[in-house]
Amino acid sequence: MANTVSFMTRNFGKYNPSSLDSYEQIGGFSALRKALSMTGEQIADCLAACAVKGRGGAGYDMGKKWRQAREVNQPRKVVICNADEGEPATFKDRTLMENDPFRLIEAMIIAGYSVGAQDGYLYLREEYSHLRPLFQNAIWQVREKGYLGENILGKTGFSYDVHLYSGAGAYVCGEGTALVESMEGKSGRPRMKPPFIKQCGLFHLPTCVNNVESLCLVPSILLDDKKEYLSYGTQNSVGTKMISVAGNVRNPGAFEIPFGVKVRDIIFDLAGGVKNNHEIQLIQFGGASGKIARPEDVLDIPYTYEDLTAAGVGVGSGAILVIDKRTSVLDFLLATQEFFFHESCGQCTPCREGNTQMKLLLEKVMAGMHTGEDLQNMKKIIMIMKNASLCGLGETAQNALSCAMDLFPECFAVKTEGN
Ligand SMILES: Cc1cc2nc3c(=O)[nH]c(=O)nc-3n(C[C@H](O)[C@H](O)[C@H](O)COP(=O)(O)O)c2cc1C
Ligand code: SF4
């Protein structure tokens, strides 16, 4: 039986998410008190010692990010919590926010203290508007109690506030630079880099962006000086991870697991196996932008960064999408490509035109009308999108298709040659 753990989810069900008093009764804000007894550098060092990888998808070293943010020599800085969570099949951040909103706010304050920021913004995706009142209420209570404002908890010079910002419903706004563009009131399109947002982000201020889950790890890591966190996982994938399992499984849901649990145990124990015992056709890891695998290639590997990468997939957003044999591979691919066709911001040609052409070519394949030249063109477009797109959306939009061409060549067999 696969085990789940309660490290960042330890408060779930233990307090009333609408009440700061009840959060404090279970020890809420003791991590902030501990943080304020440390230097900002010590906090970043603690995260670096745990080798925490950012949970937003790119896996950037969190301790390093906070150190770099600290080192930027500017009087005003900004922290942003990225709660855009637009990757299909991904809902682990929502689960964390619904069940433990005060932990996230506490973590954002610790982040602000560590990097030397004065303002923190919670960028909440439009589709999570039901969470707005919860967070508005939570921020208001936290401010009233003096955990936000001037000289927080008597720490002279540490003045910080948290603000709620709602996105407008575009997947690309989860990308850090598109996110800050949209917060500045412009259309949410990624910026050319450099400059990087850590130097010049929101309103030209140095900006430190972290995912919800990344931040939610911080209070628990600090409280016992990282001991429990380091006891979970494997040598190269330390700690715990929130995953979301969706698709044709009996019990879709978000689970906190120690790294190293077998993929089979995640799907068959935690998520209850496949509905009506249908055979699995494919599994996609990390959301719609993630790679896909045949079940026999991944079911018996441990869920770790290194094992998933070796198997040709990746952790990404932490989503695991199980597709059984009732769905055709091509139907799945077209649905994925339509998502990216719709969500491409259109700013750069490889992504805008690539997604359009890919969708048209897939429709041709589905109609059995494609030629060998069409397949060559698909491969060429995949290569161009991967290498020449301006942001991660265009770079990864064809991941599933690219894998499928290798894994399911029968789906692309040419029936008509010529024209
Ligand atoms: C198209 C696109 C969408 C993204 N969406 C999200 C998102 O919804 N949430 C998120 O945390 N990161 C998202 N990211 C990654 C962010 O750009 C950034 O790397 C992340 O928020 C940094 O936080 P972390 O270091 O804690 O992972 C997205 C990236 C791209 C290219
Ligand atoms: S890759 Fe796509 S989403 Fe990213 S900037 Fe280019 S067009 Fe926009």
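Before I start, one definition: a residue counts as near a molecule if its C-beta atom, placed from the backbone, lies within 6 Å of that molecule. Please also keep in mind that what we are looking at is a predicted model.

With that in hand, let us turn to ligand 1, which is surrounded by 23 residues, and among these the closest are Gly-54, Gly-56, Gly-174, Asn-211 and Gly-392. If we sort this shell by class, we find six nonpolar residues, 11 polar ones and six charged ones. Strand E4, which covers residues 207-211, and helix H17 each supply at least two residues of the shell around ligand 1, and E4 gives the most, with three residues. Where does ligand 1 lie with respect to domain 1 and domain 3? Both domain 1 (20-231) and domain 3 (329-412) give residues to its shell, so ligand 1 lies between them.

Now for ligand 2, which has 15 residues around it, the closest being Cys-345, Cys-348, Cys-351, Cys-391 and Gly-394. Its shell consists of eight nonpolar, five polar and two charged residues. Helix H15, running from 349 to 366, and helix H17, running from 392 to 396, each contribute at least two residues to this shell, and at the level of domains, at least three residues come from each of domain 1 and domain 3.

Let me move on to a sheet, which is open and has five strands in the order E6-E5-E9-E7-E8, with mixed pairing. Its edge strands are E6 (253-258) and E8 (292-293), each of which pairs on one side only. Helix H5, residues 92-99, packs on this sheet and touches both E5 (240-247) and E6, and the direction of H5 makes about 115° with that of E5.

Within the sheet I would like to dwell on strand E7, residues 280-285, which pairs with strand E9, residues 319-324, in the antiparallel sense over five bridges. In that pairing Ile-283 stands opposite Val-322, while Gln-284 has Leu-321 as its bridge partner. E7 also pairs with E8, again in the antiparallel sense, over two bridges, and here the partner of Ile-283 is Ala-293. E7 and E8 form a hairpin with six residues between them, and in the turn Gly-286 has a positive phi of about 90°.

Why is E7 described as largely enclosed by the rest of the structure? The reason is that six of the six residues of E7 are buried, where buried means that 20 or more other C-beta atoms lie within 10 Å of a residue's own.

Conventions: Residues numbered from 1 in each chain as written. Chains lettered and ligands numbered in written order. Predicted model: local features only at pLDDT ≥ 70, side-chain atom pairs only at ≥ 80, totals over all residues. Helix = DSSP H or I, 4+ residues; strand = E, 2+ residues; numbered from the N terminus. Nonpolar A, V, L, I, M, F, W, Y, C, P; charged D, E, K, R; others polar. Domains from an automatic or database assignment. Pairing = 2+ DSSP bridges. Contact = placed C-beta atoms within 7 Å. Axes fitted to C-alpha atoms, helices over the stretch in contact; angles between N-to-C directions. Buried ≥ 20, exposed ≤ 12 C-beta atoms within 10 Å, placed from the backbone.
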